Amino acid sequence: MTQPQSSDQYRRLRVALLGAGAVGSQVADLLLRHGDELADRAGASLELAGIAVRDVDAPRDVELPKELFTTDADSLIVGSDIVIELMGGIEPARGNLLLALNSGADVVTANKALLATHGTELFEAADQVGASVYYEAAAAGAIPIIRPLRDSLAGDRVVRIMGIVNGTTNYILDRMDSEGADFAEVLADAQRLGYAEADPTADVEGYDAAQKAAILASLAFHTAVPLDAVHREGITAITPAMIEEARAAGFVIKLLAVCERITVDGSESISVRVYPALVARTHPLGSVHGANNAVFVEAEAAGSLMFYGAGAGGVQTASAVLGDVVSAARRHIAGGVGVGESTRANLPTVPIGHVITRYQITLEVNDQPGVLATVAGILSEGGVSVATVVQTVQGEDDPTARLIIGTHRAADQALSDTVEKLAASDVVERVVSVLRVEGE
Ligand code: NAP
């Protein structure tokens, strides 16, 4: 069979781009520069019909034809075959994508905030018209993880996902780990270097990771996981002392998004959570440095799989977006209805208290006889069994000692209740830190 020689000989698909910021400008540039190559891969000529922005005169990261810019997103959307949304935020992105789907377009988005809060609405709208929503770039940037979970592992049963899915927090924790630096100091540096936003809340408090966790868990467990079902803790309380103690015990602290299949009262359920956790330095996630992301997937038949790479960055994320655009174009050419989201398993999401986990608890205690026995008694009453205890004396004149207690696995509720009882005990001066251990 003879192949068409240039994009002119393919069917033309009209592509609308909403947003030309860090990611959108790179997507436009690659679409324009690699048009012929993309046409050969997609089997369709991808014609960039226009780019909707707020300010048509704003400077762009790359030079793009002025005549493509418009502030009228709706007119651009109607009549397009593929709409790429790279504006971010909830509105007008949500309304724009609903208009696109209802106008018969397939949509591509990198908008994790929108998917984590209105994903079900968008997927239902797509189902109604037989279109598809593509979102490879919405979790872990350039790393292919959506397609592997949706397609490659569709015949397997995912048991657990542990992801470093926020580059900013990994950058901060990695520098705290390698330099012994303080959280505030590294955050300020990260802001100067452009790794962290002026308002870093979404990253450092775990909101961004929680959105990605909801997206990954929904796919992995064939269940629509709402954002408010994700337990979330950030990294602002992590101190250099905690990092040092983790290191002494062979661990590194990472902000993890954990999505896990668990059995509660005989019923299959899922837990989705984001928190800073201790990970063994020898675990593949222990060696993810800088602003990189990684997603460690455990599946019943496939075993352990690790996906690693750039979790953000304009051009890196554009790679994932364009992969989606090619997929959308192929579907358009092939015809038929789009493949909807598989949510039939509809598993309940359980609160953090049900999760079986292991704690490392650091206490400052009165350095006097009988303290260890009192602490051991409180742990045992709480049904928490001790795996390791390390005691360190603070200094010659200091009347306190530090106890670093590693527990065996127990229900998170039992562990946290026991920590409260320890905190209230006369022999405990201060609960210095409590971290969960993951990846064992
Ligand atoms: P960005 O740099 O802030 O760019 C946003 C773009 O959207 C700008 O061009 C802006 O127009 C346009 N825009 C915003 N509101 C608009 C409105 N109401 N009407 C029309 N245009 C509007 O954002 P980004 O970093 O490229 O991120 C885009 C999306 O990708 C977000 O959902 C983000 O979460 C996701 N994402 C980003 C990365 C990354 O590394 N940056 C990685 C993964 C996923 P003006 O330029 O005229 O203001």
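**Exercise 1. Find the helix that holds Thr-418, and decide whether this residue is buried or exposed.**

Solution. Begin with the secondary structure: Thr-418 sits in helix H14, residues 412-424, where helices (H or I, at least four residues) and strands (E, at least two) are DSSP runs numbered from the N terminus. Next, take the accessibility: Thr-418 counts as buried because its relative accessibility is 3%, given that buried means under 20% relative accessible area, exposed over 50%, and partly exposed in between, with a 1.4 Å probe and protein chains only. Then list the contacts, meaning heavy atoms within 4.5 Å: leaving aside residues up to four places away in sequence, Thr-418 touches Ile-378, Leu-379, Gly-382 and Val-384. Finally, Thr-418 and Gly-141 are 277 residues apart in sequence and 39 Å apart in space, C-alpha to C-alpha.

Before going on, note that this is a predicted model, in which local features need pLDDT of at least 70 and side-chain atom pairs count only at pLDDT 80 or more, while totals for chains, interfaces and linings use all residues. Residues are numbered from 1 along each chain as its sequence is written, and side-chain values use heavy atoms, with hydrogens and water left out.

**Exercise 2. Carry out the corresponding analysis for Thr-362, beginning with its strand.**

Solution. First, Thr-362 belongs to strand S13, residues 356-366. Second, Thr-362 counts as buried because its relative accessibility is 1%. Third, with residues up to four places away in sequence not counted, the residues that Thr-362 touches include Glu-245, Arg-402, Ile-404 and Val-432.

**Exercise 3. Name the domains, and state how far apart the C-alpha centres of domain 1 and domain 3 lie.**

Solution. The bounds, which come from an automatic or database domain assignment, give domain 1 (7-141 + 315-334), domain 2 (146-311) and domain 3 (355-438). The C-alpha centres of domain 1 and domain 3 are 53 Å apart.

**Exercise 4. Describe the polar contacts to the ligand from Ala-22, Arg-60 and Lys-112.**

Solution. Start from the criterion for a polar contact, a pair of N or O atoms within 3.5 Å; within protein, one must be able to donate a hydrogen and the other to accept it, and residues adjacent in sequence count only if both atoms are side-chain atoms. A backbone N or O atom of Ala-22 lies 2.9 Å from a ligand oxygen atom, whereas Arg-60 places a polar side-chain atom 2.6 Å from a ligand oxygen atom. For Lys-112, a polar side-chain atom is 3.2 Å from an oxygen atom of the ligand.
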